[in-house]
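Please find below my notes on the side-chain packing of this model. They are set out as numbered points.

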Amino acid sequence: MPHHDRNDGEPSRAGARTGAREAFEGGQLYPVETVCRSQDSESKEYTDRLLFDKLETIRRHLQPGLLVDLCCATGEHIGTLRPAGSEAVGIDFSVAYLSEAESRRRAKGDADVSYLAADARDLPLVSGSVATLYSLSALYLVPNLDRVVAEVARVLRVDGRCILDLGNKNSLNSFCVRNYYTELPTSYHLSVKDMILICERSGLRIVEHRAFQILPLWAGRPRWLWPLLHPVWKRILGARIAGRMVDEWLCGLPLLRRLAFRHLLVCEKCSER
């Protein structure tokens, strides 16, 4: 789903924020052509390395069976993530994105991938039918995350896994978005404690927890935070040491973990509820 780590420019403070549906279907903030970022495993750019780490996390936790990309947008990654011989489904509310995803699927001749238009809080999937589900850079724009996670838990089979990309409201990134990027749609960030509680209440056991973005590495506002928003931090925090970005090493420290923006939770469904 959308990766908004390149939103620069001057602040727009007039008027109320739009909802996610209006923002994505309007085609101006997140055009069909660029809403999904392509993987570039050779890139040294922070944003590319973050995407690589997220996709590699999904690959490590793939289970045999149905794969679901929740909030898939134009379906950039589902075809390459899908295990050979298994089926995959991309789900999004945007008909424009799904139309593009379907066009790309037909061009590739991938008969094992299909797309559905639906709300993340009401999935049109049979209970216990999904082996692996992932959602990247999207769920912090969906209200009532508890309903989304409950639906994810419902459709997962026992021992199935989900990889959920969530945003921390107690991060510097969230502060910048909330107060200085009013042209972006409303965000629904949570505390790290609440993220974990929502998963546990839905019967999901956290088997891996990765954290990223100790600084708002795409932001240019507010100006008084410029020392922490300077682009040089992307190069420093994107450097790898022992296979991990400096950013992730810092976000793994107990005190800083609670301040990191992006939390990638890998959960396993324990049992039927």
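1. In this predicted model, the charged end of Arg244 is placed over the ring of Trp249, 6.0 Å from the ring centre. A second arginine, Arg221, lies over the face of Tyr181, and here the distance to the ring centre is 3.9 Å.

2. Four aromatic pairs are present in the structure. Phe175 and Trp224 make an edge-to-face pair, with 6.2 Å between the centres and 70° between the planes. Phe175 belongs to helix α6 (residues 172-180), while Trp224 is in the loop between β6 (204-212) and α8 (226-229), so this pair ties together parts that are 49 residues apart in sequence. Phe175 and Trp224 also belong to one aromatic cluster with Tyr180.

3. How accessible are the two rings of that edge-to-face pair? Phe175 is partly exposed, at 25% relative accessibility. Trp224 has a relative accessible area of 56% and is exposed.

4. The largest nonpolar core has 31 residues, and Leu70, Leu133 and Leu139 are the ones that touch the most other members. Two or more residues each come from β1 (67-70), β2 (88-92), β4 (130-135), α5 (145-155), β5 (156-167), α7 (192-201) and β9 (262-269). Of these elements, α5 contributes the most, with six residues. Separate from this core is a second one of 17 residues, which includes Leu51, Ile78, Leu98 and Ala101.

5. Which residues does Leu133 touch, apart from its neighbours within four places in sequence? Its contacts are Val68, Leu70, Val152, Val155, Leu156, Arg161, Cys162, Ile163 and Leu164.

6. Helix α5 deserves its own entry. Its buried residues are Leu145, Val148, Val149, Glu151, Val152, Ala153 and Val155. Among the elements that cover the buried residues of α5 are β1, β4, β5, α7, β6 and β9. Val152 and Val155, both buried in α5, are also in contact with Leu133.

7. Why is no disulfide assigned between Cys199 and Cys267? The sulfur of Cys199 has its closest cysteine sulfur in Cys267, at 3.8 Å, which is too far for a bond; the cut-off is 2.5 Å. The same 3.8 Å applies from the side of Cys267, whose closest cysteine sulfur is that of Cys199. Both residues are buried: Cys199 has 1% relative accessibility, and Cys267 has a relative accessible area of 0%. The disulfide count for the structure is zero.

Methods
Residues numbered from 1 in each chain as written. Predicted model: local features only at pLDDT ≥ 70, side-chain atom pairs only at ≥ 80, totals over all residues. Heavy atoms only, no water. Phe/Tyr/Trp six-rings, centres within 6.5 Å; stacked < 30°, edge-to-face > 60°. Helix = DSSP H or I, 4+ residues; strand = E, 2+ residues; numbered from the N terminus. Buried < 20%, exposed > 50% of the residue type's maximum accessible area, 1.4 Å probe, protein only. Lys NZ or Arg CZ within 6 Å of the ring centre and 35° of its normal. Core = buried A, V, L, I, M, F, W, Y, C linked by side-chain atoms within 4.5 Å. Contact = heavy atoms within 4.5 Å.
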